[in-house]
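Reader: I would like to go through the salt bridges and the chain contact here, one feature at a time. Please give the general idea, then the case at hand.

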Amino acid sequence: MIFSFIIPISLVLLGFIVGRINEARHFADLEEREDSFKHVVLSDLKTIPEGMNRSQFVSGSVVISIDYYKRIIASIRMFFGGEVASYQSLLTRARREAILRMIDEADDYDSKYIANIRIETSKVFENDEGIGSLEVYAYGTALS
Amino acid sequence: MQISNLESIPGTKIIKHLGMVQGNTVRAKHVGRDILAGLKNIIGGELHAYTELLTESRQQSTDRMIAQATAMGANAVLNVRFSTSSVSAGASEIYVYGTAVVVETE
């Protein structure tokens, strides 16, 4: 009887603590890597700037899952409505990570310009309880 | 075979349009990966196994599209688009499409 309370509560706590530490660490890591790629121009336009004569398809992807704590918070939110900040930060992290992986690939080709960037977010491998993971896929054309 | 999501490849000229080419894959996750993912569903974070799985399936779809383009005699696929959708519990489809063309260096 008592276990039916202890288990969900400890999962929420575990999700909250570990999730928060991981998030802070990830954001710090993102800042640092974005800083090192400041010279790469990102664009979602299709135009090719003058003097670019080489192109290469580049992409980056990441699959993330939502922690237990955030799911609970979101389910409370779904009762009252409004902004779900816990999911927002998660999606931001995933998107920035996917873009960075794409830039990383472009960097391998010595490219300083990525054109026609498209970002796609989708729910993947959803199970019967409706808990899925999110995939963010970023792609574009690296020009040099 | 050159792949691009732009409508042209810099330094080249399109001399022939061959029509649309496409490729798809539906992939299911397996139980081993699911257990790990179940743990991650508690603490959150990246699911590396799934990232790899989807990268692999995307590569497979792209290869199928390229095979189709090669069969048509194309040497480039332009304006490539990707789409991902959850088709049923535990399975995802990756679909890629583009226009097969013949390009010539200017």
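Reader: How exposed is B:Glu56?

Author: Relative accessible area is the value to read, and between 20% and 50% a residue counts as partly exposed. In this predicted model, B:Glu56 has 42%, so it is partly exposed.

Reader: Which side chain does B:Glu56 meet in a salt bridge?

Author: The test is a distance from nitrogen to carboxyl oxygen, within 4 Å. B:Glu56 meets B:Arg27 at 3.5 Å, N to O. B:Arg27 is in strand β2 (residues 12-28) of chain B and B:Glu56 in helix α2 (residues 48-71) of chain B, so the bridge links parts of the chain 29 residues apart.

Reader: What are the salt-bridge partners of A:Arg96 in chain A?

Author: One side chain can take part in two bridges, and each pair is then read separately. A:Arg96 meets A:Glu31 at 3.5 Å, N to O. This pair ties together parts 65 residues apart in sequence, because A:Glu31 lies in helix α1 (residues 3-36) of chain A and A:Arg96 in helix α3 (residues 85-108) of chain A. A:Arg96 also forms a salt bridge with A:Glu34, at 3.0 Å, N to O. Here too the link runs between helix α3 and helix α1 of chain A, so parts 62 residues apart are tied together.

Reader: Is A:Arg96 buried or exposed?

Author: Below 20% relative accessible area, a residue is called buried. A:Arg96 has 19% and therefore counts as buried. Its two partners are partly exposed: A:Glu31 has a relative accessible area of 49%, and A:Glu34 has 29%.

Reader: Which residues are linked in a network of salt bridges?

Author: Bridges that share residues can be read as a network. In this case A:Asp29, A:Arg33, A:Glu97, A:Arg101 and B:Glu46 are linked in that way. Over all chains, the count comes to 12 salt bridges.

Reader: How many salt bridges are there between chain B and chain A?

Author: The count between the two chains is three. A:Lys46 forms a salt bridge with B:Glu7, and their closest N and O atoms are 2.6 Å apart. Polar contacts are counted as residue pairs, and there are 10 between chain B and chain A, with both residues at pLDDT 80 or more.

Reader: Which elements of chain B supply the side that touches chain A?

Author: The residues in contact are assigned to their helices and strands. At least two residues each come from β2, α1 (31-43), β3 (45-46), α2, β4 (76-88) and β5 (91-105) of chain B. β4(B) gives the most, with eight residues. By type, this side of chain B divides into 15 nonpolar, 15 polar and seven charged residues.

Reader: How many residues does the contact take from each chain, and how much area is buried?

Author: Residue counts and area are separate readings. The contact takes 37 residues from chain B and 42 residues from chain A. Between them the chains bury about 3200 Å², with 54% of it on carbon and sulfur atoms.

Reader: Which strand of chain A is joined to β3(B)?

Author: For strands, the bridges and the direction are read together. Strand β2 (residues 55-65) of chain A is joined to β3(B) by two bridges, and the strands run antiparallel. A:Ser65 has B:Gly45 in β3(B) as its bridge partner.

Reader: Where does B:Leu36 lie, and how far is it from B:His17?

Author: Separation in sequence and distance in space are also separate readings. B:Leu36 lies in helix α1 of chain B and is exposed, with a relative accessible area of 56%. B:Leu36 and B:His17 are 19 residues apart in sequence and 46 Å apart in space, C-alpha to C-alpha.

Notes: Residues numbered from 1 in each chain as written. Chains lettered and ligands numbered in written order. Predicted model: local features only at pLDDT ≥ 70, side-chain atom pairs only at ≥ 80, totals over all residues. Heavy atoms only, no water. Helix = DSSP H or I, 4+ residues; strand = E, 2+ residues; numbered from the N terminus. Buried < 20%, exposed > 50% of the residue type's maximum accessible area, 1.4 Å probe, protein only. Contact = heavy atoms within 4.5 Å. Buried area = accessible area lost by both parts, 1.4 Å probe. Polar contact = N/O pair within 3.5 Å; in protein donor to acceptor, adjacent residues only side chain to side chain. Nonpolar A, V, L, I, M, F, W, Y, C, P; charged D, E, K, R; others polar. Pairing = 2+ DSSP bridges.
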